[in-house]
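Work through the exercises below with the sequence and the structure side by side, and read each solution only after attempting the task.

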Amino acid sequence: MKQKPLTPGFTLVEILLVILLIGLLAASVVISFTGESRDKKLAKQTEQLQLLIQLASETAMLKQQELGLYLDDEGYRFMLFKDEKWHSIREPKALRSYKFADGISFELELEGLEWSEGNLLSQVEWQEEDKLFEENSFDELDAAKKRDKELEDSKDPNKKTQAPLKTGFVTEPRKQGDPAQPQIFILSSGEITPFLLTLKEQSENPAWRQQLKAVFSIPLERGEVELDR
């Protein structure tokens, strides 16, 4: 009786290698599908800024403090008006400075908006800009003078020092190059400077864009993410 020749099969090592390759291919497919797209990245940046402005407005009303928002090419910061100057906020941490993600830029429109006619915020004069950058106006010098005055007063039993008002805010010391004041005012009355803010994702062409619009108060109006034409 003839025996059939044995058919060569796969070794255990070969089977394990195939399983490994299938796993690597599956992982690469998952990565390609789960990688964040440019429009989603832009949407997250816009939503984050919208929520933070809403938080700042609610905080300003709750604590009866005047806040503001300043944007530049790197990102944005929230500011507090105290001691006749604008200061960048360090705490609460939710209102600290933020950097834009790579490829994100912005365009801010404050004038010529149809819905901003009759807005009184543009007429508010907080302080002359040049005075904010005098050397003697920096917090480092002001703080030193205040400490010397408090030390002098503490030696005089007839003088009582007044406890500082606790606002719950911690600000950064002012330094050369800091903005004199924010572009957008977020007031304790609930008012917000009317603006049209366009965020763009420009890491590749074509660019994506999304807009935030403020009329006079929160909530802000957020447009759809769309291709920049």
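Two strands count as paired if DSSP finds at least two bridges between them, and strands here are DSSP runs of E with at least two residues, numbered from the N terminus. The model under study is a predicted one.

**Exercise 1.** Determine how many residues the hairpin between β8 and β9 passes through, and describe how these strands pair.

*Solution.* Begin with the connection: β8 is joined to β9 by a hairpin of six residues. Next, consider the pairing itself, in which strand β8 (residues 195-201) and strand β9 (residues 208-214) run antiparallel and are joined by seven bridges. Finally, locate one of the bridges, where Phe195 has Ala214 in β9 as its partner.

**Exercise 2.** Identify which strands β10 and β11 pair with, and in what sense.

*Solution.* Take strand β10 (residues 221-222) to begin with: β9 and β10 run antiparallel, with two bridges between them, and the hairpin that links β9 to β10 goes through six residues. Within this pairing, Lys213 has Glu221 in β10 as its bridge partner. Then turn to strand β11 (residues 226-227), which pairs with β9 over two bridges, also in the antiparallel sense; here Arg209 stands opposite Glu226 of β11.

**Exercise 3.** Decide whether Ser57 is buried or exposed, and list its contacts beyond four places in sequence.

*Solution.* Place the residue before judging it: Ser57 lies in helix α2, which covers residues 38-63. Because its relative accessibility is 0%, and buried means under 20%, Ser57 counts as buried. Once neighbours within four places in sequence are set aside, Ser57 is in contact with Ile186, Gly190, Ile192 and Ile218.

How values were computed. Residues are numbered from 1 along each chain as its sequence is written. This is a predicted model: local features need pLDDT of at least 70, side-chain atom pairs count only at pLDDT 80 or more; totals for chains, interfaces and linings use all residues. Side-chain values use heavy atoms; hydrogens and water are left out. Helices (H or I, at least four residues) and strands (E, at least two) are DSSP runs, numbered from the N terminus. Buried means under 20% relative accessible area, exposed over 50%, partly exposed in between (1.4 Å probe, protein chains only). Contact means heavy atoms within 4.5 Å.
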